[in-house]
Protein chains: 2
Amino acid sequence: MAGSTGSDEQAAPTIYDVARAAGVAASTVSRAFARPGRVNADTAGRIRRIAVEMGYRTNPVARALLSGRSSMIALAISDITNPYYFEIIRGAQAAAMEAGYTMLLADAQESDRLEREALDRAVQTVEGIVLASTRMSDTSIRMTAKLRPLIVLNRAVAGVPSVVTDHHHGIRQAVDHLHALGHSHITYLAGPEAAWSDGMRWQALREAAVELGLRLHRLGPYPPTVLGGVAAADDFCRRPTSAVIAYNDLLALGLLRGLSAVGVRVPQDVSVVGFDNIFGTDLVTPGLTTLAAPLHLLGRTAVQGLLALISGTQRPVDKPVTIPTRLVVRASTDQRRPTRIAAPAEQAELSDLLQTPSAGITTG
Amino acid sequence: MAGSTGSDEQAAPTIYDVARAAGVAASTVSRAFARPGRVNADTAGRIRRIAVEMGYRTNPVARALLSGRSSMIALAISDITNPYYFEIIRGAQAAAMEAGYTMLLADAQESDRLEREALDRAVQTVEGIVLASTRMSDTSIRMTAKLRPLIVLNRAVAGVPSVVTDHHHGIRQAVDHLHALGHSHITYLAGPEAAWSDGMRWQALREAAVELGLRLHRLGPYPPTVLGGVAAADDFCRRPTSAVIAYNDLLALGLLRGLSAVGVRVPQDVSVVGFDNIFGTDLVTPGLTTLAAPLHLLGRTAVQGLLALISGTQRPVDKPVTIPTRLVVRASTDQRRPTRIAAPAEQAELSDLLQTPSAGITTG
DNA sequence: GTGAAAGCGCTAACAT
DNA sequence: ATGTTAGCGCTTTCAC
């Protein structure tokens, strides 16, 4: 329809256009939107009506230049292809929208460099930042926190406000569950050493093991992916125990898959517990017993905290905000029975898996 | 360390600070970054060095105000909790970053209103928009396209450039596959009526059925979720066929689950084909046969097209760019055998599923 | 309660 | 090749 030359864009009306149409000064129009109380009610009404008629929208860029209020926050994520982030992103986005903020998403693709790069670019534009499972160093994080209000998710960094899940209590629930089922020897499949939560989980696990008199065994670290779990299955079969706790669900799902490939039955031969209750844990056979974190709440809490920081409502607090977890019991855990696991044979399986959609998915 | 009053932020150096330090005019500094060729090499080098020393970064907001170049694009998604978008987002983000662009993510949460709201807010800031599986009307889309360069994903809108997967060929592959396995009667589980791709798939299905002399049956529409698939299982059992093609993988996964709950075996009793090859389709038992779209490429193509539009390198083309699909054959499809499906009994199952992480996941 | 004017940091004209 | 000037659209003094 618009038979113009190239990229045909409509010139948006400015505040001056509205002011002229309403017969007032631009400053009055500005006030009518920002501080309606300080403008004559009639005038304000008229201005707003005219503004709507003209399709006027205040230019956020111009606003941001002077006031610094860009109404944008950034959410940086270590890897967007991890289902773990679904609800976190959504919770964050919901909280942001409710407050009239737009969310900028930076997927680090597991790369420290990309994460910094994306952040560098965004820092000056956004009013605040949420770092979810970041791979950056504590130092980098603190430096960024100096530039903008910042909240870290799933990690405690001294001097930077953070939101974390209650690893300690969560692990305890998982161990109690396995203990109650008669398991006395547990293997932990470790995640990336750089992951703060891996350290937390392992530590909590050791404490729980001591208290309950359980034997503990650690395998890994593995990449926190389905493929990592498949690899872990091999290792595990060489030193089997009756129960396994995996760093996260992706790893646990891979383990289930790897065990099934070599004929080890879950839960008859091994009980498996994961972390996070991500998409798919209820679809596989057997369903995965896992520690569910209220991910939506996690994202929401982080953003709300950030907005409070931005508005100055709240001063940065060093102590992490802790979100509780709950154990979701499914079919992958059961009573301990005499272990009978053969050595791995069909290694060929692995190469097949490389082509599948879940293989490359990773976690932070 | 910084014992200041409230939210302590460092004042970033401006272009004037750099200019003063370098003993040149601000415009020269600007040129040194934007058009190095038009500045004496020595001067440019000195300026850059000083800028780095001072930690100067050009303020993107100020730049955007004058030039309109915010270096940001928006990606609007109908529902971020759908694994379908994983790789799309990632491909899009990768393409954006390579070009020096930051990506703003708008999750519509299945809501037309939220989508428009988020877009309204972002339109003025971003240089262009990718609409993935949008729920907006053609009219809304065209209006937005008037404001900014825009590309639609998974939908053809007259007058707006788009990128779509080759439904026609894809469906044909799926039907050929089932046909070759001896299936002569296929049920299609329909997705949301608002979804453009649902219409496309159904149409392609009908054409293929006619050509191959197959009988076709349509059930639905269902919400394109795991839960929708569970519901579909009930309906399907009342009018069973030997093969099913679902609108998408989420629906197919739910179907597998629902069928398993009532004791219908896949693929012995029914063969099931999904769409998209999302995360998890290779983890369930049986693995889901599905039409894989190169999702990463889809996202990448859309953004690259958008950037070409923005830079003016390319004029908007009405004809959709088509991306090919390929059939991934897994265990959910097999030779046709005499159907023997009992009426549904255990309806109770459904309420259980409502609590699970995969239940609420939806698609666009 | 309203208007006038200055300026956020940058870049695009124009001038030299 | 570099400097000077003006102004993007808005908000925020400061007058009235």
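Is H167(B) buried or exposed, and what is its relative accessible area? H167(B) is buried, at a relative accessible area of 5%; buried means under 20% relative accessible area, exposed over 50%, and partly exposed in between, with a 1.4 Å probe and protein chains only.

This is a predicted model, in which local features need pLDDT of at least 70 and side-chain atom pairs count only at pLDDT 80 or more, while totals for chains, interfaces and linings use all residues. Residues are numbered from 1 along each chain as its sequence is written, chains are lettered from A and ligands numbered from 1 in the order in which they are written, and side-chain values use heavy atoms, with hydrogens and water left out.

**Figure 1. Surroundings of H167(B) in helix α8 of chain B.** Helix α8 spans residues 167–180; helices (H or I, at least four residues) and strands (E, at least two) are DSSP runs, numbered from the N terminus. Beyond residues up to four places away in sequence, H167(B) touches W196(B), S197(B), M200(B), R201(B) and A204(B). Contact means heavy atoms within 4.5 Å.

**Figure 2. D276(B) in strand β9 of chain B.** The strand covers residues 271–276. With a relative accessibility of 6%, D276(B) counts as buried. Residues up to four places away in sequence are not counted in its contacts, which are Y84(B), R201(B), N248(B), D249(B), T290(B), L291(B), A292(B), A293(B) and L295(B). R201(B) is thus in the contact list of D276(B) and also in that of H167(B).

**Figure 3. Arginine over an aromatic ring in chains A and B.** In chain A, R201(A) lies over the face of F275(A), 3.8 Å from the ring centre. In chain B, R201(B) lies over the face of F275(B), at 3.8 Å from the ring centre. A charge sits over a ring if NZ of Lys or CZ of Arg is within 6 Å of the ring centre and within 35 degrees of the ring normal.

**Figure 4. Aromatic cluster of F86(A), F279(A), F86(B) and F279(B).** Over all chains, the whole structure holds ten aromatic pairs. Rings of Phe, Tyr and Trp (its six-membered ring) pair if their centres lie within 6.5 Å; planes under 30 degrees apart count as stacked, over 60 as edge-to-face and the rest as tilted. The pair of F86(A) and F86(B) is tilted, because the ring centres are 5.1 Å apart and the planes stand at 50°. This pair crosses between chains, joining F86(A) in helix α5 (residues 85–98) of chain A to F86(B) in helix α5 (residues 85–98) of chain B. Both F86(A) and F86(B) are buried. F279(A) and F279(B) also form a tilted pair, 6.3 Å centre to centre with 50° between the planes. That pair crosses between chains too: F279(A) is in the loop between β9 (271–276) and β10 (289–292) of chain A, and F279(B) is in the loop between β9 and β10 (289–292) of chain B. F279(A) counts as buried at 3% relative accessibility, and F279(B) is buried with a relative accessible area of 2%. Ring pairs link these four residues, F86(A), F279(A), F86(B) and F279(B), into a cluster.

**Figure 5. Packing of helices α1, α2 and α3 of chain B.** The axes of α1 (residues 15–22) and α2 (residues 26–34) of chain B come within 8 Å and cross at roughly 100°. Axes are lines fitted to C-alpha atoms, for helices over the stretch in contact, and angles run from 0 to 180 degrees between N-to-C directions. The angle makes α1(B) roughly perpendicular to α2(B); angles under 35 degrees count as roughly parallel, over 145 as roughly antiparallel, 65 to 115 as roughly perpendicular and the rest as oblique. I15(B), Y16(B), V18(B) and A19(B) of α1(B) make the contact with A26(B), V29(B) and S30(B) of α2(B). For α2(B) and α3 (residues 41–54) of chain B, the axes are 9 Å apart and the packing angle is about 95°. These two helices, α2(B) and α3(B), are therefore roughly perpendicular to each other. Here T28(B), V29(B), A32(B) and F33(B) of α2(B) meet T43(B), A44(B), I47(B), R48(B) and A51(B) of α3(B).

**Figure 6. R326(A) in strand β12 of chain A.** The strand runs over residues 326–328. R326(A) counts as partly exposed, at 48% relative accessibility. Leaving aside neighbours within four places in sequence, R326(A) is in contact with Q173(A), T290(A), L291(A) and A292(A). R326(A) and A174(A) lie 152 residues apart in sequence, with a C-alpha to C-alpha distance of 9.1 Å.
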